[in-house]
Amino acid sequence: MSKDKDERKRHLRLVVNNAEIRSARPSAAEQEFVPLEELIANRDLFRPAFYRGMGRLQTKGYQQLERFLANRCAPYGIDPVHGKVMVLPAGHVSPEALEYGSPQDELLLSISEDAGGSGLCFSLEMILPYFSEDDAVMEEALLFAPVLQYGALFLEENPHDGMLDLIYRLAVPLFPPVLTTRLADRMFSIFSFELKETFLALSDYPEG
């Protein structure tokens, strides 16, 4: 029985280092995937395209986010192609992301119109490095994972390979529609803590 559990755990905890294949920044067939290192190195070059056509409040929010990241000396990138998101190495915010995942794991930051269309929403999102070709294993892993106080875990099909991704997302409305340093600090702190709890729980799957 112990051997079966160990084999199943390895089957779930398969970490892929190919960011282009299992990325939270899916690209259309005609779009070339841009590695995180390139997004970071060329963010000044990508900035005009990123902000082009963006609304005033959303622009202000992203500019405040850029200042916040710069003040933290965060190695962030700007992606104007795949959904207009800012991208960070997940390990910069969560040490456990490096321990259980890989240096290629990304944290996506976005400021978008909220569901009601009356304000903005700030969100942090990451594909967790736990997956299996067996959908049932992924569904059980989601049920096994902890229920989080602020963020949420959910499954979503990866457009590149049709496999299920286990995703963590933390989102808060911006009201008034402005991002403050205090709120951003709090969001990153919650993200780091809840990711740690999730990694620790899933590292024991399915023995818990």
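User: Before we count anything, how are helices and strands assigned here, and how many of each does the chain have?
Analyst: Helices are DSSP runs of H or I with at least four residues, and strands are runs of E with at least two, numbered from the N terminus. The model is a predicted one, and its elements run α-α-α-α-β-β-α-α-β-β-α-β-β-α from the N terminus on. On that assignment, the chain has 8 helices and 6 strands.

User: What share of the residues is buried?
Analyst: A residue counts as buried when its relative accessible area is under 20%. The accessible surface of the chain comes to about 10800 Å², with 51% of this area belonging to carbon and sulfur atoms. Of the 208 residues in the chain, the buried share is 46%.

User: Among contacts with a separation of 6 or more, what percentage joins residues 24 or more positions apart?
Analyst: One example of a pair distant in sequence is Val85 with Ile111, which are 26 residues apart along the chain and 8.0 Å apart from C-alpha to C-alpha. Val85 belongs to strand β2, residues 85-89, and it counts as buried because its relative accessibility is 8%. Over the chain, the percentage for residues 24 or more positions apart is 64%.

User: Which element gives the most residues to the largest nonpolar core?
Analyst: The largest nonpolar core has 54 residues, and those with the most contacts inside it are Leu65, Leu69, Leu109 and Phe122. Leaving aside residues up to four places away in sequence, Leu65 touches Met86, Leu109, Ile111, Phe122 and Leu179. With 8 residues, the element that gives the most to this core is α8.

User: What length does helix α8 reach from its first C-alpha to its last?
Analyst: Helix α8 covers residues 181-203, and its 23 residues would be expected to span 33 Å at 1.5 Å a residue. Its buried residues include Ala184, Met187, Phe188, Ile190 and Phe191. The reach in the model is close to the expected value, at 33 Å.

User: How are the rings of Phe50 and Tyr51 arranged?
Analyst: The structure holds 6 aromatic pairs. The rings of Phe50 and Tyr51 have centres 5.1 Å apart and planes at 85°, and planes over 60 degrees apart count as edge-to-face. Both residues are buried, and together with Tyr62 they form one aromatic cluster. The arrangement of Phe50 and Tyr51 is therefore edge-to-face.

User: Which aromatic pair links strand β6 with helix α8?
Analyst: The two rings have their centres 5.5 Å apart and their planes at 70°, so this pair is edge-to-face. One residue lies in strand β6, residues 164-174, and the other in helix α8, 23 residues apart. Tyr168 is buried because its relative accessible area is 0%, and Phe191 is buried for the reason that its relative accessible area is 0%. The pair is Tyr168 and Phe191.

User: Over the ring of which residue does the charged end of Arg72 sit?
Analyst: In one arrangement of this kind, the charged end of Arg43 sits over the ring of Tyr76, 4.2 Å from its centre. For Arg72, the distance from the charged end to the ring centre is 4.9 Å. The ring belongs to Phe188, a residue that is buried in α8.

User: Is Cys73 buried or exposed?
Analyst: Cys73 lies in the loop between α4 (56-71) and β1 (77-79). Its phi is near 55°, a positive value in a residue other than glycine. Because its relative accessible area is 65%, Cys73 is exposed.

Key: Residues numbered from 1 in each chain as written. Predicted model: local features only at pLDDT ≥ 70, side-chain atom pairs only at ≥ 80, totals over all residues. Heavy atoms only, no water. Expected span 1.5 Å × (residues − 1). Buried < 20%, exposed > 50% of the residue type's maximum accessible area, 1.4 Å probe, protein only. Contact = heavy atoms within 4.5 Å. Areas by Shrake-Rupley, 256 points an atom, 1.4 Å probe, with all protein chains shown as cover. Phe/Tyr/Trp six-rings, centres within 6.5 Å; stacked < 30°, edge-to-face > 60°. Lys NZ or Arg CZ within 6 Å of the ring centre and 35° of its normal. Core = buried A, V, L, I, M, F, W, Y, C linked by side-chain atoms within 4.5 Å.
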